[in-house]
Amino acid sequence: VEFKDDHASNTQPTLKIQQDGAGIGIWIDANANENALYIDHDGATSAECIKIVSPTQTTGDIISLNALDALTTGAAIQVDCGSANLATTAAGGLVEILHDGASGGTANNLLFIKNDNASATGVIGIKIQQDANAYALDVRSKATSGASAGAKLRLHTDDTAVMGSGDRLGVIEFAGAEDTSNTITVGARIEAITDATWSASENGA
C-alpha cells in the first residue's frame, strides 16, 4: 500500500487517522531485523519531524520506552549531530528540557535518573566525556544575586536512617590514568564526615 502526494502546493495531510474509541490509533507489528518506522524528512528546515501537541495525560507518560531488557551494546535513545553551527550558546542545546510553569515551592525534577538496583554498583548515574579542553559541566544561576544566592550543587546522603558519627555526607574525587590501559586511580579527594550522630539540633549547620 502506497500513499503518494507529489504536488508541492498541497498543505493537507496525505493520511489522517481519527480514533475516538479506547483503541490503538496505529499498530505496527514488525518481526524482522529492520526499521519498524522510517521517516525520510529532508524537505524541511524549521518544521518538526515528529510533533506531539497538547497531550491531556496527567499521570500517564507522553512517550514510554518499556522493558528494554534485551539491550547490550545498543542504546535506548541515540542523538547524533555533526553540526558545527548549533549557535545555542547559553540559550539552549542539542537536547533541551524547558519548563515555564510557575510551580512555586512545589518539588519538580526536570530530569530524574534512578538506578533502582542497589547491587548494580558498576552503574554510573551520569557519565560525561569531554574531548575538548573545555568545561564538562557548567552550572549557571540566574536567580537574583545575594548572600544566599549563587549556583548550587548539593551532595546528600539519605538511606532513611539517621546519620551516625563518622558517616560520610559526600565526596568529590580527583583521579587520573596510571598506565596506558586506562586504569583510573584516585589521587585526591574532598569529603565531608560527621563528627556526631545527627539530630534536629546537631547537624553541623
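Ala177 stands opposite Ile184 of strand β2, in a model that is predicted. β1 (168-177) and β2 (residues 184-193) run antiparallel to each other and are joined by nine bridges. These two strands are the whole count of regular elements in the protein chain, which has zero helices. With a radius of gyration of 25 Å against the 17 Å that the globule rule gives for 205 residues, the chain is more spread out than a compact globule.

**The β1–β2 hairpin**

- The pairing of β1 with β2 is antiparallel and spans nine bridges.
- Six residues lie between the two strands of the hairpin.
- Asn182 has a positive phi near 60 degrees in this hairpin.
- Across the pair of strands, Ala177 faces Ile184, a residue of β2.
- The side chains of Arg168 and Glu191 form a salt bridge, with an N to O distance of 2.9 Å.
- Because Arg168 belongs to β1 and Glu191 to β2, this salt bridge ties together parts that are 23 residues apart in sequence.
- Arg168 has a relative accessible area of 39% and is therefore partly exposed.
- Glu191 is likewise partly exposed, at 40%.

**After β2: Thr194**

- Thr194 is found in the segment that follows β2.
- Its relative accessibility is 6%, so Thr194 counts as buried, the cut-off for that class being under 20%.
- Setting aside residues up to four places away in sequence, Thr194 is in contact with Met163, Gly164, Ser165, Gly166, Asp167 and Leu169.
- Of the 205 residues in the protein chain, 2% are buried.

**Before β1: Phe3**

- Phe3 sits in the segment that precedes β1.
- Phe3 has 53% relative accessibility and so counts as exposed, a class that begins over 50%.
- Beyond its neighbours within four places in sequence, Phe3 makes contact with Thr14 and Leu15.
- The C-alpha atoms of Phe3 and Leu15 are 7.5 Å apart, although 12 residues separate the two along the chain.

**Salt bridges**

- The structure has four salt bridges in total, including the Arg168–Glu191 pair described above.
- Another joins Lys51 to Glu48, with 3.7 Å between the closest N and O atoms.
- Lys51 is exposed at 57% relative accessibility, while Glu48 is partly exposed with a relative accessible area of 45%.
- Lys114 and Asp116 also form a salt bridge, their closest N and O atoms being 3.5 Å apart.
- Lys114 counts as exposed at 56% relative accessibility, and Asp116 counts as exposed at 64%.

**Cysteines**

- A disulfide is a covalent bond between the sulfur atoms of two cysteines.
- The count of disulfides in this model is zero.
- Cys49 takes part in no disulfide, and the nearest cysteine sulfur to it belongs to Cys81, 14 Å away.
- For Cys81, which is also in no disulfide, the nearest cysteine sulfur is that of Cys49, at 14 Å.
- A disulfide would require the two sulfur atoms to be within 2.5 Å.
- Cys49 is partly exposed, with 45% relative accessibility.
- Cys81 is partly exposed as well, with 36% relative accessibility.

**Overall dimensions and surface**

- Two strands and zero helices make up the secondary structure counted in the protein chain.
- The radius of gyration, 25 Å, is well over the globule-rule value of 17 Å, so the chain is more spread out than a compact globule.
- Along the principal axes, the C-alpha atoms fill a box of roughly 75 × 50 × 40 Å.
- Among contacts with a separation of 6 or more, 23% are between residues 24 or more positions apart.
- The exposed surface of the protein chain is about 19,500 Å², and carbon and sulfur atoms supply 49% of it.

Terms used:
Residues numbered from 1 in each chain as written. Predicted model: local features only at pLDDT ≥ 70, side-chain atom pairs only at ≥ 80, totals over all residues. Heavy atoms only, no water. Helix = DSSP H or I, 4+ residues; strand = E, 2+ residues; numbered from the N terminus. Buried < 20%, exposed > 50% of the residue type's maximum accessible area, 1.4 Å probe, protein only. Contact = heavy atoms within 4.5 Å. Pairing = 2+ DSSP bridges. Rg over C-alpha atoms; globule rule 2.2 N^0.38 Å. Areas by Shrake-Rupley, 256 points an atom, 1.4 Å probe, with all protein chains shown as cover.
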